[in-house]
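User: I'd like to go through a few labels and see how each one is earned. Can we take them one by one?

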Amino acid sequence: MKAAVLGAALVGLLSAGVAQAEDGQWMVRGRIVSMQNDNGNSPSLGLGKVELDDKVFPEVDISYFFTKNIAAELILTYPQKHDVTLGGTKIGSIKQLPPTLLAQYHFLPDGQFDPYVGAGINYTRVWGADFDPAVAAFDLSVDKQSIGPAVQVGLDYKIDKNWSVNVDVKYIDIKVDVKSAGTKLTELKVSPVIAAVGVGYRF
């Protein structure tokens, strides 16, 4: 009797594992994203706001599904170079790399349409600040990093067991200090809204 119960339990566990394997615990997506920066900082130097230009670029993300509903997503891209403007005039450029880690909840994991929401943290590394000689007298510099929250809403449309089409919108809180001779001049509130469309493969 004990052997039968143990055997039934083992079959149940194996069946659950097979079912999970069939769903696929991993998903890789490729997206094209449009980064629209908020640039909500105050004017500085009496000449206007310091701002970063908007960008369109590719993105890759990797998701791991702990359950049908709950997943973690790591968002990656290559370093992005942005023009820096002051009062609408270009004064230089910087580079930034913004990996983001999100926890997701998928509302309809068994449906063809699977909407989800996510929340997590962004770490942005900033480097390569290169300012024009015209503003050299201000001795400008930019903080090397930003850590802030990120939120997300998206939808996967399943084509078959493995492939899906994805649309996604994220808001990321990115803020760095702009300094003149080591003294804070203004806070550059990049805080972009990132809209994306792409394809996913689950395995």
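User: What makes arginine 202 count as lying over the face of phenylalanine 65?

Analyst: The rule asks for NZ of Lys or CZ of Arg within 6 Å of the ring centre and within 35 degrees of the ring normal. Arginine 202 lies over the face of phenylalanine 65 at 3.7 Å from the ring centre, so the distance fits the 6 Å limit. Bear in mind that this is a predicted model, where local features need pLDDT of at least 70, side-chain atom pairs count only at pLDDT 80 or more, and totals for chains, interfaces and linings use all residues. Residues are numbered from 1 along each chain as its sequence is written, and side-chain values use heavy atoms, with hydrogens and water left out.

User: Why is the pair of tryptophan 26 and tyrosine 64 called edge-to-face?

Analyst: Ring centres of Phe, Tyr and Trp (its six-membered ring) must lie within 6.5 Å; planes under 30 degrees apart are stacked, over 60 edge-to-face, the rest tilted. Tryptophan 26 and tyrosine 64 sit 4.8 Å centre to centre with 65° between the planes, so they pass on both counts.

User: What about tyrosine 64 and phenylalanine 66?

Analyst: Also edge-to-face, at 5.0 Å and 75°. Trp26, Tyr64 and Phe66 form one aromatic cluster.

User: How do you know whether phenylalanine 66 is buried or exposed?

Analyst: Buried is under 20% relative accessible area, exposed over 50%, partly exposed in between (1.4 Å probe, protein chains only). Phenylalanine 66 has 54%, so it's exposed. Tyrosine 64, at 24%, is partly exposed.
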